[in-house]
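Biologist: I should like to request a close look at a single part of this model. Please take one residue as the starting point and work outwards to its surroundings.

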2 protein chains.
Amino acid sequence: MTVARVELADVRPDPASYLGLAAYLILTLFENVGRAVAAAPTTEAKTALSSVASPLLAAHEGMVAELRARGHEPATAMDLYSADIDQFQRRTQGQDWYEIVITCYVTSGFLIDFFDALAAGLPDDLSARVTALLEVDAGEAVLVAELRAAIDANPRLASRLAMWGRRLVGDTMLVARGALAVGGQSVAEERIEPVFTELIASHTRRMDALGLTA
Amino acid sequence: MTVARVELADVRPDPASYLGLAAYLILTLFENVGRAVAAAPTTEAKTALSSVASPLLAAHEGMVAELRARGHEPATAMDLYSADIDQFQRRTQGQDWYEIVITCYVTSGFLIDFFDALAAGLPDDLSARVTALLEVDAGEAVLVAELRAAIDANPRLASRLAMWGRRLVGDTMLVARGALAVGGQSVAEERIEPVFTELIASHTRRMDALGLTA
């Protein structure tokens with residue numbers, strides 16, 4: 001996310017706001033993985049997906065620890081954003097295991113890229129620690145393998161899941177746009193444009209990896 | 001679990017069977033925690049409960065690694081027990097957040113005690129590693145705090161949750177009894193009796209900690 005990090009470097013989000021929003025959002029991404037584990041059609045898929053959960057939990061716990069270290073009550077900092085994120089979660093639940101897994105893949109991929117870019121504007125020491133916490137894409141290969149296997153075994157899934165992916169990216173972009181206002185600053189539209197262009201290019205690569213059109 | 005470890009030390013469960021059953025069961029306990037996180041009524045409860053998930057995931061991953069190290073396909077080893085454990089999970093789901101959390105507390109507490117005791121009969125090196133993996137009760141204090149707060153805020157919950165706890169312990173004991181047959185050996189009833197006496201005493205202490213009658 002080179003372009004996005006450069007363009008967003010002077011947004012300077014308020015640390016407590018950034019951490020509260022990111023911590024709650026990551027907890028939501030974790031919940032989605034939990035649902036994917038529970039709904040998995042095979043034991044192999046279940047155990048593979050469960051490995052995606054650990055790095056998300058570690059990232060959440062890291063953000064909570066940063067809030068505490070700065071004297072903020074974590075739940076209070078997160079609660080400012082819980083209603084919006086809960087609504088996002090309801091809209092992106094998915095109706096079956098395939099849609100749940102696509103949700104995990106698309107929303108985690110996009111939002112972790114975005115929060116990683118936005119972290120460029122945090123104070124130096126915090127920025128480095130948050131960036132390290134957000135290195136959670138280890139699970140992506142697992143999700144891709146599970147999804148490709150499902151799509152290969154049932155090609156009719158492809159068009160339904162491609163459509164679901166498009167709906168998801170719309171809702172996900174709204175969350176990212178909302179997060180830009182977290183610092184209280186307004187960000188000029190000409191700076192936002194290249195950021196989203198880059199995020200969407202990554203999204204397209206993610207869908208390509210599944211053999212789906214973005 | 002001193003008595004249980006001594007009484008079960010000569011059961012000598014087959015390592016692959018033990019690991020397959022324990023790995024799948026712990027994944028199920030993790031799923032239950034995931035549901036408790038998702039259904040939590042407050043952000044504070046949500047983030048507190050999520051901390052219970054990490055040690056369960058680590059225990060599951062450790063068991064899977066042990067299976068792999070012994071040349072077993074983890075999913076195949078787990079699949080021998082998935083139907084029984086899935087049925088146990090369906091019976092113990094709970095209808096609301098309170099019942100889900102009691103399920104996490106009662107079934108994890110009882111079954112981790114039991115599998116820890118049964119690990120005494122595994123080959124020495126494996127036994128020590130499995131025992132270390134099963135040191136996951138760090139989350140218990142969090143669950144107790146959440147439940148006590150809920151019961152204090154709403155005393156009418158107490159009788160419903162006490163009843164739910166009794167039902168759970170019955171289903172949980174059946175899982176433990178089934179696990180005793182995993183080695184292919186039959187275990188004499190007079191050895192089993194003191195094991196369950198000790199497990200039930202621990203269960204009673206757990207319910208006491210909530211102010212509930214076992």
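Leaving aside its neighbours within four places in sequence, which residues is Leu111(A) in contact with?

Modeller: The model shown here is predicted. Leu111(A) belongs to helix α5 of chain A. Setting aside the residues within four places of it in sequence, Leu111(A) is in contact with Leu25(A), Phe88(A), Thr172(A), Val175(A) and Ala176(A). Leu111(A) counts as buried because its relative accessibility is 1%, and the cut-off for a buried residue is under 20%. Asn154(A) serves as a point of reference elsewhere in the chain: it lies 43 residues from Leu111(A) along the chain, and the two C-alpha atoms are separated by 29 Å.

The helix that holds Leu111(A) also takes part in the largest pocket. That pocket has a volume of about 400 Å³, and 22 residues line it. Gly109(A), Ile112(A), Asp113(A), Asp137(A) and Glu140(A) are the lining residues nearest its centre. Four elements of chain A give two or more residues each to the lining, namely α3 (43–69), α5 (97–118), α7 (140–153) and α9 (189–209). Of the lining, α5(A) supplies the largest share, with seven residues. Sorted by class, the lining consists of eleven nonpolar, four polar and seven charged residues.

A general point helps in reading such a helix. An α-helix has 3.6 residues a turn, so residues three or four places apart point the same way.

The cysteines may be considered next. Cys104(A) is buried because its relative accessibility is 3%. Its sulfur lies 19 Å from the closest cysteine sulfur, which belongs to Cys104(B), and this is too far for a bond. A disulfide would need the two sulfur atoms within 2.5 Å. Cys104(B) likewise is in no disulfide, the nearest cysteine sulfur being that of Cys104(A), 19 Å away. Cys104(B) also counts as buried, because its relative accessibility is 1%. Over all chains, the count of disulfides is zero.

Cys104(B) leads on to Val33(B), a residue of helix α2 (residues 15–39) of chain B. Not counting residues up to four places away in sequence, Val33(B) touches Leu49(B), Val52(B), Ala53(B), Leu56(B) and Cys104(B). Val33(B) is classed as buried because its relative accessibility is 1%. One of these partners, Leu56(B), is 23 residues from Val33(B) in sequence, while the C-alpha atoms of the two are 9.2 Å apart in space.

Helix α3 of chain B covers residues 43–69 and has 27 residues. At 1.5 Å a residue it should span 39 Å, and its end C-alpha atoms are 40 Å apart, so the two values agree. Gly71(B) follows α3(B) and has a positive phi, near 80 degrees.

Positive phi also occurs in each chain at a residue that is not a glycine. Most residues other than glycine have a negative phi. Arg12(A), however, has a positive phi of about 50 degrees, and it sits in the loop between α1 (2–8) and α2 (15–39) of chain A. In chain B, the phi of Arg12(B) is positive and near 50 degrees, and Arg12(B) is placed in the loop between α1 (2–8) and α2.

Another loop of chain B, between α4 (74–91) and α5 (97–118), holds Thr92(B). Thr92(B) is buried because its relative accessibility is 1%. Beyond residues up to four places away in sequence, it touches Thr103(B), Trp164(B), Leu168(B) and Asp171(B). Asp171(B) lies in helix α8 (residues 157–180) of chain B and counts as buried because its relative accessibility is 8%. With the same sequence neighbours left out, Asp171(B) touches Phe88(B), Arg91(B) and Thr92(B).

The last residue to consider is Val195(B), in helix α9 (residues 189–209) of chain B. Val195(B) is buried because its relative accessible area is 1%. Not counting residues up to four places away in sequence, Val195(B) touches Ala4(B), Glu7(B) and Leu8(B). Ala162(B) is 33 residues from Val195(B) along the chain, and their C-alpha atoms are separated by 23 Å.

Notes:
Residues are numbered from 1 along each chain as its sequence is written. Chains are lettered from A and ligands numbered from 1 in the order in which they are written. This is a predicted model: local features need pLDDT of at least 70, side-chain atom pairs count only at pLDDT 80 or more; totals for chains, interfaces and linings use all residues. Side-chain values use heavy atoms; hydrogens and water are left out. Buried means under 20% relative accessible area, exposed over 50%, partly exposed in between (1.4 Å probe, protein chains only). Contact means heavy atoms within 4.5 Å. The expected span of a helix is 1.5 Å times one less than its number of residues. On a 1 Å grid over the protein atoms alone, a cavity is a set of points where a 1.4 Å probe fits but cannot get out, and a pocket is an open set with protein on both sides within 12 Å along at least five of seven lines; lining residues have an atom within 4 Å of a point. Grid points are joined across faces, edges and corners, and a volume is the space filled by probe spheres set on the points. Ala, Val, Leu, Ile, Met, Phe, Trp, Tyr, Cys and Pro count as nonpolar, Asp, Glu, Lys and Arg as charged, and the others, Gly among them, as polar.
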